Amino acid sequence: LGERFLKNCGESAYSAEVKVSFARHLSSRYKRQEIAYKDALTKQLGLPKLNRAQRAQVAAQVKILMKSYLDRIEKLGQEGLAASKPGEATHCEGLSVLADLSFNYLGDNKSHIELSRQYIAAGCEEILKGNQDYHFNIGMSFLREGEYGLAKEHILKVLKDRSDRPQYVIYNICLFEAMYALGDFEGLESLMVRVQEDYGDRLKDKSLPKSIWAQYQQWSLISDFWLGFASYALGEVDAARANFQQYIDKVDQLEQELAQAGKQLPSVARIYRDFRARDYKKYLEEYHGKAPALDLSSGIDWLTGKPVSLSAARAEGKVVAILFRQPKNLRAFSFLKLLNELQLQNPEKFIAVTLSFMPKGITPQARQQRADNLRSELQENELGLSSGFDSSEKYEVFRGLHATVGSASFIMFDSAGEAAWYHVDPTERDLNTLQRVADRLMQ
């Protein structure tokens with residue numbers, strides 16, 4: 001009907017509304033259209049099964065077609081917006097369509113922020129009641145751009161006027177992400193305390209949408225974990241240990257209560273307990289504040305840089321940071337770059353190391369390829385830190401330092417040679433955490 005109207009009716013008083021509604025419809029069926037293109041192109045090849053090259057060819061063609069599809073949505077939205085007036089529902093819907101397009105499909109965060117601000121300034125929240133929350137989306141766009149300070153500043157302003165809204169919980173999630181990425185652990189502690197003070201009453205509100213209520217419940221549970229993490233980052237080990245234990249106890253009790261009612265523990269709560277809180281608690285109890293029994297003088301095939309000895313670093317009063325990752329692990333690569341910078345800036349205080357492991361049973365050629373991958377990765381990026389492979393029989397170096405065999409992990413030893421920081425799956429969002437902890441240990 002949209003196609004027929006635009007083809008046969010020309011421009012009229014209804015054109016703007018039809019264009020915006022049509023753009024919304026096309027946007028809502030983006031995934032279905034993508035699948036339809038893929039299926040049609042695959043069928044054209046007439047083969048029962050495609051090889052890798054053919055799949056890549058189909059994917060490239062789909063990408064081109066979907067680019068045109070998105071261009072059409074944007075054109076319809078822009079035309080509908082231009083033909084309507086601020087304050088009209090059609091104008092608000094046009095802003096909403098274009099803002100959603102930039103946020104969900106185009107990855108254009110700056111455009112999304114501008115369109116969302118126009119939407120809010122035009123009073124569209126009242127005109128299109130029940131639409132999504134663009135205050136939150138602005139904050140998320142800042143986060144996607146890596147503008148963590150602006151995200152924090154924006155959400156704090158939003159909270160001053162909108163803390164009574166059901167969306168309070170998603171505003172706090174955005175604020176949490178900004179504070180975490182900034183390494184603002186004092187702020188994060190305060191936020192988690194506020195979560196524990198406020199969310200109990202919010203959960204009593206039966207009018208909350210189910211998805212919003214679930215977020216209030218989830219953060220009521222995991223707030224103890226994040227209090228523990230913030231305390232640990234600030235060097236408050238006893239408080240961290242207590243908060244991790246409190247989280248474990250709380251979830252254990254909830255699991256028992258749910259089991260009696262024939263229900264299961266929410267997966268997020270279980271994952272945080274089994275793979276986060278228990279792991280950190282174990283590290284604090286068995287490793288933190290202790291010098292490791294092993295050194296790096298054995299069990300390591302050094303590849304680049306000087307071989308590193310933990311005992312020698314301890315004698316020199318240097319902080320040692322070790323990133324355990326496999327070559328080509330891009331999630332942790334930004335961490336590697338920051339470690340290199342810290343070593344260059346603090347040569348008398350800081351030693352950076354990256355260690356990998358060789359899987360058992362691989363061919364000599366595969367072993368050489370892994371070594372070449374790590375060496376070229378460091379050389380191409382001009383990273384001068386020491387690197388090597390755990391060549392011990394049962395990954396004794398990794399396991400002896402409580403590093404994970406598989407996903408990346410990160411450990412720091414203070415100037416006294418004692419274990420002082422442990423982190424699982426370090427990524428770019430953890431860079432300021434690393435910076436803060438390293439600065440504290442080098443004081």
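Student: Are C92 and C124 buried or exposed?
Tutor: Happy to help, and please keep in mind that this is a predicted model. The cut-off to use is a relative accessible area under 20% for buried and over 50% for exposed. By that rule, C92 and C124 are both buried.

Student: Which residue does a disulfide join to C92?
Tutor: A disulfide calls for two cysteine sulfur atoms within 2.5 Å. The S to S distance here is 2.1 Å, and the partner of C92 is C124.

Student: How many residues apart in sequence are the parts that C92 and C124 tie together?
Tutor: Look at where each cysteine sits: C92 is in helix 5 (residues 89–106), while C124 belongs to helix 7 (residues 124–127). The link has -80 degrees about its S-S bond, which makes it left-handed. The pair therefore ties together parts separated in sequence by 32 residues.

Student: Is C174 buried or exposed?
Tutor: Buried means under 20% relative accessible area. C174 has a relative accessible area of 0%, so C174 is buried.

Student: At what angle do the axes of helix 13 and helix 14 cross?
Tutor: Two packed helices are described by the distance between their axes and the angle between them. Helix 13 covers residues 237–260 and helix 14 residues 267–286, and their axes come within 9 Å. The crossing is left-handed, and its angle is roughly 145 degrees.

Student: How many residues of the contact of helix 13 with helix 14 are charged?
Tutor: Helix 13 contributes residues including F244 and I248, and helix 14 contributes Y272 and L284 among others. The residues of this contact divide into twelve nonpolar and one polar, and the charged ones number seven.

Definitions and conventions:
Residues numbered from 1 in each chain as written. Predicted model: local features only at pLDDT ≥ 70, side-chain atom pairs only at ≥ 80, totals over all residues. Heavy atoms only, no water. Axes fitted to C-alpha atoms, helices over the stretch in contact; angles between N-to-C directions. Helix = DSSP H or I, 4+ residues; strand = E, 2+ residues; numbered from the N terminus. Left-handed = near helix turned anticlockwise from the far one by under 90°. Contact = heavy atoms within 4.5 Å. Nonpolar A, V, L, I, M, F, W, Y, C, P; charged D, E, K, R; others polar. Buried < 20%, exposed > 50% of the residue type's maximum accessible area, 1.4 Å probe, protein only.
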